[in-house]
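This report describes a predicted model. It moves from one loop residue to the aromatic rings, the cysteines, the helices and the overall fold.

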Amino acid sequence: MLQSKSIGEKITKARKQKGLSQSDLAQQVAISSQAVGKWERGESMPNISVLNQLAEILGVDLNYFSDSFQSAVHERISHEITDTLKTHQQTQATKESNWDFSEGNWMNADFSGVTNLTEKFNYSNVHRCLFIDSDLSGLQLKNNHFDRCDFSDANLSNARIERSN
């Protein structure tokens, strides 16, 4: 499961490595610097669409925010690293990370291309979300409410949808 304290620590680390202040980061995400401070202290957590923005701004893969992320794989990526090495590291992080999006209220979130959700998407409200080209194979979708979501080109092989709307 995503933990706000863990995510806050990762935001702080990546922000400082980029040489950004809380105010700088807040401006780029179009929120208040107080909100960034709350994230970093673990008092609140950005939603998945804001996490996508943060990943781009901070130069990290979205998997960086996962609790099971292997930090050695995605330490600060310098500008001198080749595109080949970046691709390799992102692939490794995807293989090593396990996401847990259970018990969430997800609205307008983009889960496109997400992998390794095995058995960890239960008891959630999911509205107008994108799962385009996601690997949802073997996933147990239990007790969820899905409304106007797009599963185009998603791999749903062996997925188990139980007691979901």
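## A loop and its surroundings

Leaving aside its neighbours within four places in sequence, R128 is in contact with M107, N108, A109, D147, R148 and C149. The place of this arginine is in the loop between β2 and β3, and with a relative accessibility of 32% R128 counts as partly exposed. The approach to D147 can also be followed along the backbone, since the C-alpha atoms of R128 and D147 are separated by 6.1 Å, although the two residues are 19 residues apart along the chain.

Another loop residue, N144, is placed between β3 and β4. N144 is buried, with a relative accessible area of 2%, and, apart from neighbours within four places in sequence, N144 is in contact with F121, N122, Y123, S124, R163, S164 and N165.

The table sets out the relative accessibility of five residues discussed in this report.

| Residue | Relative accessibility | Class |
|---|---|---|
| R128 | 32% | partly exposed |
| C129 | 1% | buried |
| F131 | 2% | buried |
| N144 | 2% | buried |
| F151 | 26% | partly exposed |

## Aromatic rings around F131

Which residues does F131 touch, not counting those up to four places away in sequence? The list consists of F111, S112, F121, V126, L136, F146, C149, D150, F151, S152 and A154.

A search of the whole structure finds three aromatic pairs. In one of them, F131 and F146 are arranged edge-to-face, with 6.4 Å from centre to centre and 70° between the planes. F131 lies in the loop between β2 (125–127) and β3 (140–142), while F146 belongs to strand β4 (residues 145–147), so the pair ties together parts that are 15 residues apart in sequence. Both F131 and F146 are buried.

The rings of F131 and F151 have their centres 4.6 Å apart and their planes at 5°, and the pair is therefore stacked. This pair, too, links distant parts of the chain, with F131 in the loop between β2 and β3 and F151 in the loop between β4 and β5 (160–162), 20 residues apart. F131 is buried, at a relative accessible area of 2%, whereas F151, at 26% relative accessibility, counts as partly exposed. Taken together, ring pairs link F131, F146 and F151 into a cluster.

A ring elsewhere in the model is involved in a contact of another kind: the charged end of K10 sits over the ring of Y64, 5.9 Å from the centre of that ring.

## Cysteines

The structure holds zero disulfides. Why is there no bond between C129 and C149? The sulfur of C129 is 4.9 Å from the closest cysteine sulfur, which is in C149, and this is too far for a bond. C149 is likewise in no disulfide, and the nearest cysteine sulfur to C149 is that of C129. C129 counts as buried, at 1% relative accessibility.

## The nonpolar core and the helices

The largest nonpolar core has 33 residues, and those with the most contacts inside it are L25, L54, F65, W106, F111, F121 and F131. The helices α1 (4–17), α2 (22–29), α3 (33–41) and α4 (48–58) each supply at least two residues of this core, and α4 gives the most to this core, with seven residues. In soluble globular proteins, nonpolar side chains tend to be buried together.

Within α2, the residues L25, A26 and V29 are buried. These three cover an arc of only 100° around the axis, which puts them on the same side of α2. The helix α2 is followed by A30, whose phi is positive, near 65°.

## The fold as a whole

The secondary structure of the protein comes to five helices and five strands, and from the N terminus on the elements run α-α-α-α-α-β-β-β-β-β. Of the 165 residues of the protein, 41% count as buried. Among contacts between residues at least 6 apart in sequence, 31% join residues at least 24 apart.

How values were computed
Residues are numbered from 1 along each chain as its sequence is written. This is a predicted model: local features need pLDDT of at least 70, side-chain atom pairs count only at pLDDT 80 or more; totals for chains, interfaces and linings use all residues. Side-chain values use heavy atoms; hydrogens and water are left out. A nonpolar core is a set of buried Ala, Val, Leu, Ile, Met, Phe, Trp, Tyr and Cys residues joined through side-chain atoms within 4.5 Å. Buried means under 20% relative accessible area, exposed over 50%, partly exposed in between (1.4 Å probe, protein chains only). Helices (H or I, at least four residues) and strands (E, at least two) are DSSP runs, numbered from the N terminus. Contact means heavy atoms within 4.5 Å. Rings of Phe, Tyr and Trp (its six-membered ring) pair if their centres lie within 6.5 Å; planes under 30 degrees apart count as stacked, over 60 as edge-to-face and the rest as tilted. A charge sits over a ring if NZ of Lys or CZ of Arg is within 6 Å of the ring centre and within 35 degrees of the ring normal. A disulfide is a pair of cysteine sulfur atoms within 2.5 Å. The arc is that of the directions from the helix axis to the C-beta atoms.
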